[in-house]
Amino acid sequence: MADWIIIVSIIAVYCVLVLGIGVFGRSKGGTASLEEYYVGGRSIGPFVAYFTYVATFHSSFAFLGAAGQIYTTGIRFFATFTSCVVSPLMIYFIGRPVWYLGKKYNFMTQGDLLGSYYKSRFLRGLVAVVSLIFLIPYLQSQISGGGLIFAAVTEDRIPYWAGTLILYAVIIGYILLGGFKAVAWTDTLQGIMMIVLVWIGGAVVLGEVTGTLNWTALMTRVATELPEKLLIPVEYWPVYMTSFLSLFGISIYPPSFQRFYAVKNPKTLKWLAVTSPIYLIFFYVPIFLVAFCGALEMPGLAKPDMVLPTMLAKYASPWLTGLVMAGALAATMSSADSQLHVSSSIFTIDLYKEFFNKNATDKQSLFVGKLAIVVISAIALLMSQFTNALLVAIVTVALGGCLQMMPALIGALYWPRGTKAGAISGIIVGVLALCFTQFIVKTPLGITSGVWGLIFNSLTFVLVSLFTKAPDRDSQERFHGYLKSINDAQDAAQEKAHV
């Protein structure tokens, strides 16, 4: 049997398996409420919450874009790598209060929460539109990654366009069947597969290239033959540090944010904040090994993003290659399904129900939401056929855009003086600054576009808020007063426990 047939067969079995999980995740009777379909009935336990978060965090970028970036520039990738440590800290500071507010007021999206606090339908719609504008390119990058994987492992026998179509069909299949629970359970399978298989693949490539599993031999060769891969030029440090800051957006971009609502209790979020960096960092170690091996053994690849499948094809058996590339496809699916699912929730809850049919039943809303899944994914599929933008660039812009919700969110949770006018003007100015510094005057002073957007957004939010009327007492009590009462009750319980 030809190697490519073995590889495709393994990937096909995997695709059937995730569709089966979609059937398993269906609600009894085949119907679901909006709360169940979009946030899993707020019933997700720690084990599934852990893997759905880390699997959503790592996308096709982790297998393809990251490996290509390390292959090309070496340890400059540490800007992204270190973000895996600090970004989850946002779960602790933002996730917990969001969970309490979501549980009390039935919030399911960012726009839901922000629109309610600032009492602004316009702000709610603005957050929804901005989120969708930046989510769809991110989704497109995942579909592109899936097409590249199919083309690479079959040596173009399954062309790029067909690979993207297969991925599109499988993802919408299990999301339509099972909603959030199907996404969460497939993410769990995918998260486990990703970490196990990437380490096995990395070990095999390392052993074949160096004759040992001791990393010292590899790093000695890199230091001798490619020393520039182990240096970060001084002029790159502004980009390095601001990329690191921009990637804070990972933990508040809508798919991650939605998981704050979905867990059973806020203790799970504290656990995630502390433990998820272990997975996220541990995952990238074998990616570094394979990329450095590729830089030594296969310099000058026309497509650096393909270094992982190329190295596997050369040094691993077709069975292992098929399994590892199924893991790569898992990384793609685990992000794409979350992005698509949350895009549907944003369109349905923040736009359709708020602006077009306020009295829509859950049945009507779910029909619209499922239709949105098909249409939004079709748009991303079409975009993937007509753009050659690098995965890393697409992801950076998308995360920078989602980061623009941060100041308004901080105001709703921690700063009672933040106002509706400040939130609206901050988001608009932030997005404009991001686009200007990304596409017109690129990264002035070496600062990335997402951070430029956040700087102008924050300044605008604070200044406009200070010169406009603060939110009324009702909003402050519903949010800040309620959160204070939760904190006071927990402090009192802790003091009583220590007496």
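**View 1. I94 and its contacts from elsewhere in the chain.** Leaving aside neighbours within four places in sequence, I94 is in contact with I252, F257, F260, M406, L409, I410 and L413. Please keep in mind, here and in every view below, that this is a predicted model.

**View 2. The largest nonpolar core.** I94 appears again here, since we now turn to the core. Which residues touch the most other members of the largest nonpolar core? They are F63, I94, L113 and M333, out of 155 residues in that core. The helix that gives the most to this core is α9 (residues 160-210), with 19 residues. As general background, nonpolar side chains in soluble globular proteins tend to be buried together.

**View 3. Helices α19 and α20 side by side.** Here you can follow helix α19 (residues 420-440) and helix α20 (residues 449-466), whose axes lie 7 Å apart and make an angle of about 155°. Angles over 145 degrees count as roughly antiparallel, and α19 and α20 are therefore roughly antiparallel to each other. The crossing of α19 past α20 is right-handed. On the α19 side, the residues that meet α20 include A421, G422, I427 and L434; on the α20 side, W452, F456 and F461 are among them. Sorted by type, the residues of this contact comprise 10 nonpolar, 12 polar and no charged.

**View 4. Helices α12 and α15 crossing.** How do the axes of helix α12 (residues 254-262) and helix α15 (residues 318-356) cross? They cross at roughly 75° and come within 9 Å. Angles from 65 to 115 degrees count as roughly perpendicular, so α12 and α15 are roughly perpendicular to each other. From α12, the contact uses P254, P255, Q258 and R259; from α15, it uses S338, Q339, H341, V342, S345 and I346. These residues divide into four nonpolar, five polar and one charged.

**View 5. S120, in a loop between two helices.** Look for S120 in the loop between α7 (110-118) and α8 (121-153). Is S120 buried or exposed? With a relative accessible area of 7%, S120 is buried, because buried means under 20%. Not counting residues up to four places away in sequence, S120 touches G115, K420 and I424.

**View 6. K363, in helix α16.** Helix α16 (residues 362-386) is the place to find K363. The relative accessible area of K363 is 72%; exposed means over 50%, so K363 is exposed. M406, which we met as a contact of I94, is 43 residues from K363 along the chain, and the C-alpha atoms of K363 and M406 are separated by 33 Å.

Note on methods: Residues numbered from 1 in each chain as written. Predicted model: local features only at pLDDT ≥ 70, side-chain atom pairs only at ≥ 80, totals over all residues. Heavy atoms only, no water. Axes fitted to C-alpha atoms, helices over the stretch in contact; angles between N-to-C directions. Helix = DSSP H or I, 4+ residues; strand = E, 2+ residues; numbered from the N terminus. Parallel < 35°, antiparallel > 145°, perpendicular 65-115°, else oblique. Left-handed = near helix turned anticlockwise from the far one by under 90°. Contact = heavy atoms within 4.5 Å. Nonpolar A, V, L, I, M, F, W, Y, C, P; charged D, E, K, R; others polar. Core = buried A, V, L, I, M, F, W, Y, C linked by side-chain atoms within 4.5 Å. Buried < 20%, exposed > 50% of the residue type's maximum accessible area, 1.4 Å probe, protein only.
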